Amino acid sequence: MTDTYVGAVDQGTTGTRFMVFDHSGQVVANAYEKHEQIYPDPGWVEHDPMEIWENTKTVVNRALNEAGLNTDQLEALGITNQRETTLLWDAETGKPIHNAIVWQDRRTTDRVEELESQGKVEDIREKTGLEADAYFSATKAEWLLANADPIKMERSRPEDVQDRAEKGEILFGTIDSWLIYNLTGNHITEVTNASRTMLYNIRDLEWDDDLLREFDVPRGMLPEVRPSSDDDYYGYTDPDGFLETEIPVAGALGDQQAALFGQTCFDEGDAKNTYGTGSFFLMNTGNDAVESDHGLLTTIGFQRSGEPVQYALEGAIFVTGAAIEWLEDVDLIEDAAETAELARSVDSTDGVYMVPAFTGLGAPHWDQRARGTIVGMTRGTRREHIVRATLESIAYQTRDVAEAMEADSGIDMSTLRVDGGAVKNNFLCQLQSDIIETGIVRPEVDETTALGSAYAAGLAVGYWDSVDELRDNWQVDREFEPEMDREVADEMYSRWDDAIDRCRDWARDGGT
């Protein structure tokens with residue numbers, strides 16, 4: 001009998017990965033391709049959706065070819081994606097009408113501040129669990145509907161893109177919808193991605209009419225919302241398409257919820273932190289949508305077919321891994337692997353603090369106009385101090401969220417499950433354990449975002465029978481326990497708030 005597997009498309013902020021997993025949750029194929037980061041103006045970030053789709057096909061074919069696998073060995077496909085990133089496309093041609101606006105983009109800061117001045121923030125928070133912020137999809141969709149019809153000027157009688165959207169001629173989606181559409185031809189999203197749009201009522205589990213009116217988003221352009229693991233499937237790949245066979249596309253999760261699922265955080269109180277471009281700290285709160293009093297988000301964690309929604313508290317940190325990329329961009333390091341050695345080469349930062357608020361501050365501070373700041377430098381400051389300060393900033397931001405999470409949930413965490421590219425850095429993992437004063441557990445398979453979406457799809461098609469099988473798959477690679485004296489850790493952390501204060505409210509004129 002031919003071995004069969006489940007594949008996962010992991011479409012992230014900086015690139016697209018395709019991974020294939022066996023029944024034990026081990027990786028049997030893996031390919032990755034970066035895509036261009038487009039910066040039209042300060043504070044603006046875009047991606048080319050067609051480049052993302054072409055890269056998706058490339059990595060799927062490459063991974064299968066390099067592993068010697070056939071497409072008929074794939075029992076299902078799952079999708080996980082950068083959340084909140086928003087695009088519109090033509091329903092007839094399937095072509096985007098503008099670049100996708102990335103979750104990091106701040107062009108709609110003024111619009112969010114208008115909502116704040118009108119006293120609409122509490123209502124948005126009550127319905128969506130989200131802070132009113134340019135981070136989420138609603139204001140991005142509103143901006144695209146008003147500004148993004150490049151073919152309008154070519155018409156002899158131009159028709160407004162808003163009118164075309166009303167007729168369903170223009171479709172709205174986040175990246176999961178875009179990939180599902182291109183794979184199956186169906187216009188579908190799933191609950192975790194819907195919950196990040198600031199258009200979806202997470203308690204009523206439906207698109208919210210009041211919010212659609214507020215942002216002038218026509219209902220006719222919205223995708224159907226389905227469970228994260230869908231026994232009815234989202235559709236099948238086109239047998240005449242690049243895969244040349246019908247494969248069920250049966251599971252999808254926003255990347256951070258996918259990591260929660262991949263870390264097998266299926267029970268109330270389970271928590272994980274993913275270190276990617278940003279860091280996202282999620283705690284499963286069960287069937288209750290717990291409201292936050294400490295600057296966290298209430299979001300949907302996942303949903304399986306026929307089961308209630310599982311909710312989560314989330315601390316969204318906008319820049320962590322991207323801060324290490326910035327060190328490369330400015331030639332302070334040549335490779336991310338250097339950071340551990342450079343950080344160890346000095347005993348401390350010599351009082352230097354780096355706040356990587358390149359796209360504002362997320363949880364628990366929520367300042368759209370904050371910007372990246374380095375404070376405490378002297379003539380004796382060297383690149384080693386700045387590199388160490390950058391790693392420490394990741395740990396400090398995580399402690400900010402951990403303290404808020406414990407205050408909101410009433411749960412004292414004894415361990416935190418971690419994943420993402422940055423956790424390969426042992427220095428960072430130990431530093432994180434020291435600063436938040438709790439155990440850090442790193443799993444064998446640290447690409448848990450892709451694994452989570454594979455699990456969701458595999459459960460839907462019966463490749464795995466139950467979540468207990470998935471729990472059995474989860475294996476520890478290494479654990480880190482606090483080694484630093486608590487008073488020393490607290491003293492290091494004590495000036496972090498001072499550094500945060502220095503970066504606040506810096507950007508003006510639309511976030512630039």
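Rings of Phe, Tyr and Trp (its six-membered ring) pair if their centres lie within 6.5 Å; planes under 30 degrees apart are stacked, those over 60 edge-to-face, and the rest tilted. Ring pairs of this kind join Trp103, Tyr135, Phe136, Phe280, Phe318 and Trp366 into a cluster.

The model is predicted: local features need pLDDT of at least 70, side-chain atom pairs count only at pLDDT 80 or more, and totals for chains, interfaces and linings use all residues. Numbering starts from 1 along each chain as its sequence is written, and side-chain values use heavy atoms, with hydrogens and water left out.

**Aromatic pairs**

The structure holds 22 aromatic pairs. One of them is Trp53 with Phe242, edge-to-face at 5.8 Å centre to centre and 85° between the planes. Trp53 sits in helix H1 (residues 49-67) and Phe242 in the loop between strand E13 (235-236) and strand E14 (248-254), so this pair ties together parts 189 residues apart in sequence. Helices (H or I, at least four residues) and strands (E, at least two) are DSSP runs, numbered from the N terminus. Trp53 is buried at 8% relative accessibility. Phe242 is partly exposed at 26%. Here buried means under 20% relative accessible area, exposed over 50%, and partly exposed in between (1.4 Å probe, protein chains only).

Tyr353 and Tyr396 have ring centres 5.8 Å apart and planes at 20°, so they are stacked. Tyr353 belongs to strand E19 (residues 353-355) and Tyr396 to helix H12, so the pair ties together parts 43 residues apart in sequence. Tyr353 is buried at 11% relative accessible area. Tyr396 is buried too, at 1%.

**The second largest pocket**

Tyr353 also appears in a pocket lining. The second largest pocket is lined by 17 residues; Thr349, Gly351, Tyr353, Met492 and Arg495 lie nearest its centre. Helix H12 (383-409) and helix H17 (496-503) are the elements that give two or more residues to this lining. The pocket has a volume of about 300 Å³. A pocket is an open set of points on a 1 Å grid over the protein atoms alone, where a 1.4 Å probe fits, with protein on both sides within 12 Å along at least five of seven lines; lining residues have an atom within 4 Å of a point. Points are joined across faces, edges and corners, and the volume is the space filled by probe spheres set on them. The lining divides into six nonpolar, four polar and seven charged residues. Ala, Val, Leu, Ile, Met, Phe, Trp, Tyr, Cys and Pro count as nonpolar, Asp, Glu, Lys and Arg as charged, and the others, Gly among them, as polar.

**Charges**

A charge sits over a ring if NZ of Lys or CZ of Arg is within 6 Å of the ring centre and within 35 degrees of the ring normal. Arg107 lies over the face of Trp143, 4.5 Å from the ring centre. Arg417 lies over Trp474 at 3.7 Å.

Salt bridges come to 41, each a side-chain nitrogen of Lys or Arg within 4 Å of a carboxyl oxygen of Asp or Glu. The table gives examples.

| Acid | Base | Closest N to O |
|---|---|---|
| Asp105 | Arg107 | 2.9 Å |
| Glu291 | Arg203 | 3.9 Å |
| Glu384 | Arg382 | 3.5 Å |

Glu291 lies in the loop between strand E16 (279-286) and strand E17 (297-302), and Arg203 in the loop between strand E10 (200-201) and strand E11 (206-207), so the pair ties together parts 88 residues apart in sequence. Asp105 is buried at 1%, and Arg107 is buried at 9%.
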